[in-house]
Amino acid sequence: MTSLAEPDSWLPEPRTTSAGGGRTSPANPPPSRRSPLRRRATLVGWSFILPNFIGFALFTLVPVLAAFVLAFTHWDAYNPPSWAGLRNFARLLRDENFRVALTNTALYALGHVPLTLALSLGLALLLNQKLRGIAFFRVALFFPYVTSLVAVAIVWNMLFNPTSGPVNQFLHLIGAADPPGWTASPTWALPAVIITAVWKDMGYYMVLFLAGLQTIPREYYEAASVDGATGWRTFWNVTVPCLRPTTFFVLVMLTISSFKVFDLIFVMTQGGPGRSTLVLSQLIYQVGILDGDFGYSSAIALALFLIVAAITVFQFRLQQRREQ
Amino acid sequence: MAVAGAAGPLHASRKAKAGRERARRVALYVVLAVLLAIVLTPFLWMLSSSLKHDIDVLSIPVQWIPKDWVWSNYDSIWSVAPMAGYLANSSILAVTITFLQVLTGSFAAYGFSKVRFPGRDALFLGYIATIAVPWQAYMIPQYIMMQQAHLTDSFLSLILLQAFSAFGVFLMRQYYLSIPDELVEAARLDGLSDYGIWARIVLPLTKPALASLALLTFVNTWNDYMGPFIYLSSNNLWTVQIGLASFIGQYSAQYAMIMTGSVISVVPVLVIFLVGQRFFIAGIATSGMKG
């Protein structure tokens, strides 16, 4: 297997130990300004990047920038675009659907993030051991993540069937007299969706934690052992601090993905019963693509983006303060 | 947490330690087996339901093993729904997008990691920044563009939207950074052009990376629901995911048939995953994010 790079190496300049990045190599000095060599390098560089860049610029970069502008316009299926100023955002504040969707999205994140984090870390710790057959367990526990979302949603929907689904039959068996109605009940639909999402996602984050665990030098554990530390003490004093960058990264990724959730909920409940599982992504889809109200849906989208960005920045700040 | 204990000075304590170690191991296996059962139960239930009569799927008590083995579900599904067409559509999309993504992604990654020119790092930062923007935030402008170009309800729209993602460039660059610049420099001195270096040195050296990106892209495209759902309205263009989701509405009482369709939609991914799982896991551990 190729070396498992540091989990936080997704940052622009990765701190991989195997080789320095391009900029420090003495064999590759920066060409001096305005030299023909430098012009040649620019041409060659762009020729490599261009095939991807044209597609990327046209279909990602331009739409991203356009999204910011659209949010300040009135533009729907019947009217040409016109400037709206902040009126779309004023409408957001009064919009009952937006309030419900925002609350549901936040509740989903509040359930999904800590549960997935805890379970994936637990799994990674269990699986980070030298045991016969451990690779098999890793692969099997990761598998739900690569399964198609639609199949997962369909199966869990049936498992959660209130009257004769296996989940409630099991709950009956262990003595629950009145098990929840799950996806048929406004109160329990969101928990049902969260359980399914945690089941599906934990294998993915487990892989990230495993990669993080493998970067902790063995000597630390040996030193802890010489000092007489065991089990829990070692976990809290060696594993947890060393794993902090990974944990932070997982936390950020999980939060972003929680706020983006759409497919799973849409296939399982279509946002129902009522509006009990309506989330922001589904609202953007409904307003923008079904109703054709491009301007207002872009305002919702911008709000979603700003919320995610604010949370991410807040998490970065918190992390920085802890490091100091 | 596996702490290699220093060997005890006394034989007796060493023996006790070995005993404790064995007990720990057994306990660990038990915990893992329980977890495995919990995680895999939905799959087993899906498989067993796909081989039942509709009325037996949600029976009380649960039939883990079908009473009658209804193998005919796997025969009749092809005529009940255009499953073969769905599978073909998913394959066309996934293969095309994967091919373009790997090709342009690895090509661009070379430019971003092995050629130095002004503005390179700023441009790369632009790529990275868009990865952090949720797709939902810009799907409306994308949709308007495609609508204006009359490309909605065609494969081309999805291919254009998904084949040039920043993710592929980013993942490949991560791997290319681990190739020493000295190697590239030496090849340049030997008179090889940058295109030659990419094709003859960098690509062969990063085959595992190509495999990672190809597998991740293929599976993501195969499993994508929201993209095809928004863009493909004609039934003859539907992918497996859209077709499957439409089953729920159309054949809501045909539980067994729905499960059969689910199994069929998962099998290609399962096969690919089992063959290439180490590349998957390496790719995810390197990039830390999906496309």
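**Exercise 1. Domains of chain B**

Which domains does the domain assignment give for chain B, and which residues belong to each? Describe how these domains meet in this predicted model.

*Solution.*

Step 1. The assignment splits chain B into domain 1, residues 2-49, and domain 2, residues 73-286.

Step 2. Taken over C-alpha atoms, the centres of domain 1 and domain 2 of chain B lie 38 Å apart. The contact involves 4 residues of domain 1 of chain B and 6 residues of domain 2 of chain B.

Step 3. Domain 1 and domain 2 of chain B bury about 420 Å² between them, and carbon and sulfur atoms contribute 82% of this area. On the side of domain 1 of chain B, the residues that lose the most area to domain 2 of chain B are Met46(B), Leu47(B) and Ser49(B), together 86% of what that side buries.

Step 4. Next come the polar terms. The interface of domain 1 and domain 2 of chain B has 0 salt bridges. The number of residue pairs in polar contact between domain 1 and domain 2 of chain B, with both at pLDDT 80 or more, is also 0. The side of domain 1 of chain B that touches domain 2 of chain B consists of 3 nonpolar residues, 1 polar residue and no charged residue.

**Exercise 2. The interface of chain B and chain A**

Characterise the interface between chain B and chain A by residue count, buried area, polar pairs and composition.

*Solution.*

Step 1. Count the residues: 115 of chain B are in contact with 108 of chain A.

Step 2. Take the area. The size of an interface is often expressed as the accessible area lost when the parts come together. For chain B and chain A the buried area is about 10,200 Å², and carbon and sulfur atoms supply 74% of it.

Step 3. Look for specific pairs. Between chain B and chain A there are 0 salt bridges, but 13 residue pairs are in polar contact, both residues being at pLDDT 80 or more.

Step 4. Locate the source of the chain B side. Helix α14 of chain B, residues 255-287, provides the largest share of the side that touches chain A, with 19 residues. By class, the side of chain B that touches chain A has 80 nonpolar, 23 polar and 12 charged residues.

**Exercise 3. Salt bridges**

How many salt bridges are found over all chains? For three pairs in chain B, state the N to O distance and classify each partner as buried or partly exposed. The cut-off for buried is under 20% relative accessible area, and partly exposed runs from there up to 50%.

*Solution.*

Step 1. The search of the whole structure gives 8 salt bridges over all chains.

Step 2. Asp181(B) and Lys114(B) form a salt bridge, at 2.9 Å from N to O. This pair joins distant parts of the chain, with Asp181(B) in helix α9 (residues 181-189) of chain B and Lys114(B) in helix α4 (residues 83-114) of chain B, 67 residues apart. Asp181(B) has 5% relative accessibility, so Asp181(B) is buried. Lys114(B) has 4%, so Lys114(B) is buried.

Step 3. In the salt bridge of Arg120(B) with Asp121(B), the closest N and O atoms are 3.2 Å apart. Arg120(B) is buried because its relative accessible area is 6%, whereas Asp121(B), at 33%, is partly exposed.

Step 4. Arg188(B) pairs with Asp194(B) in a salt bridge whose closest N and O atoms are 2.8 Å apart. Arg188(B) has a relative accessible area of 24% and is therefore partly exposed. Asp194(B) is buried, with a value of 9%.

Step 5. In chain A, a network of salt bridges links Glu96(A), Arg99(A) and Arg275(A).

**Exercise 4. Val308(A) in chain A**

Is Val308(A) buried or exposed? Which residues does Val308(A) touch, leaving out those up to four places away in sequence?

*Solution.*

Step 1. Chain A contains 13 helices and 2 strands. Val308(A) sits in helix α13 of chain A, residues 294-323.

Step 2. The relative accessibility of Val308(A) is 4%, so Val308(A) counts as buried. Of the 324 residues in chain A, 56% are buried.

Step 3. With residues up to four places away in sequence left out, Val308(A) touches Ile256(A) and Phe259(A). From C-alpha to C-alpha, Val308(A) and Val252(A) are 9.5 Å apart in space, while 56 residues separate them in sequence.

Step 4. For the whole of chain A, among contacts with a separation of 6 or more, 66% are between residues 24 or more positions apart.

Terms used. Residues are numbered from 1 along each chain as its sequence is written. Chains are lettered from A and ligands numbered from 1 in the order in which they are written. This is a predicted model: local features need pLDDT of at least 70, side-chain atom pairs count only at pLDDT 80 or more; totals for chains, interfaces and linings use all residues. Side-chain values use heavy atoms; hydrogens and water are left out. Domain bounds come from an automatic or database domain assignment. Contact means heavy atoms within 4.5 Å. Buried area is the accessible area (1.4 Å probe) that two parts lose on being put together, summed over both. A salt bridge is a side-chain nitrogen of Lys or Arg within 4 Å of a carboxyl oxygen of Asp or Glu. A polar contact is a pair of N or O atoms within 3.5 Å; within protein, one must be able to donate a hydrogen and the other to accept it, and residues adjacent in sequence count only if both atoms are side-chain atoms. Ala, Val, Leu, Ile, Met, Phe, Trp, Tyr, Cys and Pro count as nonpolar, Asp, Glu, Lys and Arg as charged, and the others, Gly among them, as polar. Helices (H or I, at least four residues) and strands (E, at least two) are DSSP runs, numbered from the N terminus. Buried means under 20% relative accessible area, exposed over 50%, partly exposed in between (1.4 Å probe, protein chains only).
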